[in-house]
Amino acid sequence: MRVFRVLALIIAGFASVAVAQQSDMSNEAIADRIKAIGKVNVAGAEAASAAASGPRSGEEVYNAACMACHATGALNAPKPGDAAAWEPRIAQGMDVLMDHAINGFNAMPPRGTCGNCSDDEIKAAIDYMIEGI
């Protein structure tokens, strides 16, 4: 019997502590108890906030989304200013360049890696890469 009394006292003690901790049901206390303990960093979030402030320049889009492949020539991506690589593409016309950039072509995914770029921003990035050719 003594074991049951001790056990009952322990359970009652835990219950009273739990009730005391949860007794503050104000909105602020609830918000404090359920607040996030960390932050998720979503790829491209900076670009999304930049888009909210207005259209990005071709250079900004290139640096944020195109550079990884086009600066290195990965998967045969034409490098900015490389006339030999760009001239056959330019010869097809801007409509074809835009179609390939927006819808994807060969190894390039749709919109490159800039899923939140507008068509105008994609065009600005193309113009930036072919500038001077």
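The exercises below concern a predicted model of one chain.

**Exercise 1. Describe the chain as a whole: how many helices and strands are there, and what share of the residues is buried?**

Step 1. The chain holds 7 helices and 0 strands. Along the sequence, the pattern reads α-α-α-α-α-α-α.

Step 2. Of the 133 residues, 20% are buried.

Step 3. Among contacts with a separation of 6 or more, 50% are between residues 24 or more positions apart.

Step 4. The exposed area is about 9,400 Å², and 61% of this comes from carbon and sulfur atoms.

**Exercise 2. Is Phe14 buried or exposed, and which residues join it in a nonpolar surface patch?**

Step 1. Locate the residue: Phe14 lies in helix H1, residues 2–22.

Step 2. Exposed means over 50% relative accessible area. Phe14 has 61% relative accessibility, so it counts as exposed.

Step 3. Together with Val6 and Ile10, Phe14 makes a nonpolar surface patch of about 310 Å².

Step 4. An α-helix has 3.6 residues a turn, so residues three or four places apart point the same way.

**Exercise 3. Compare the span of helix H4 with that of a straight helix, and state where H4 has a kink.**

Step 1. H4 covers residues 58–70, which is 13 residues.

Step 2. A straight helix would reach 18 Å at 1.5 Å a residue, but the end C-alpha atoms of H4 are only 13 Å apart.

Step 3. H4 has a kink of about 55°, centred on Ala64.

**Exercise 4. Which residues of H4 are buried, and what covers them?**

Step 1. The buried residues in H4 are Gly58, Val61, Tyr62, Ala65, Cys66 and His70.

Step 2. Their cover includes helix H5 (83–91) and helix H7 (119–130).

How values were computed. Residues numbered from 1 in each chain as written. Predicted model: local features only at pLDDT ≥ 70, side-chain atom pairs only at ≥ 80, totals over all residues. Heavy atoms only, no water. Helix = DSSP H or I, 4+ residues; strand = E, 2+ residues; numbered from the N terminus. Buried < 20%, exposed > 50% of the residue type's maximum accessible area, 1.4 Å probe, protein only. Contact = heavy atoms within 4.5 Å. Areas by Shrake-Rupley, 256 points an atom, 1.4 Å probe, with all protein chains shown as cover. Patch = residues over 30% accessible without salt bridge, like charges linked within 9 Å, V, L, I, M, F, W, Y side chains within 5 Å. Salt bridge = Lys/Arg side-chain N within 4 Å of Asp/Glu carboxyl O. Expected span 1.5 Å × (residues − 1). Bend = angle between axes of the 7 residues up to and from the residue.
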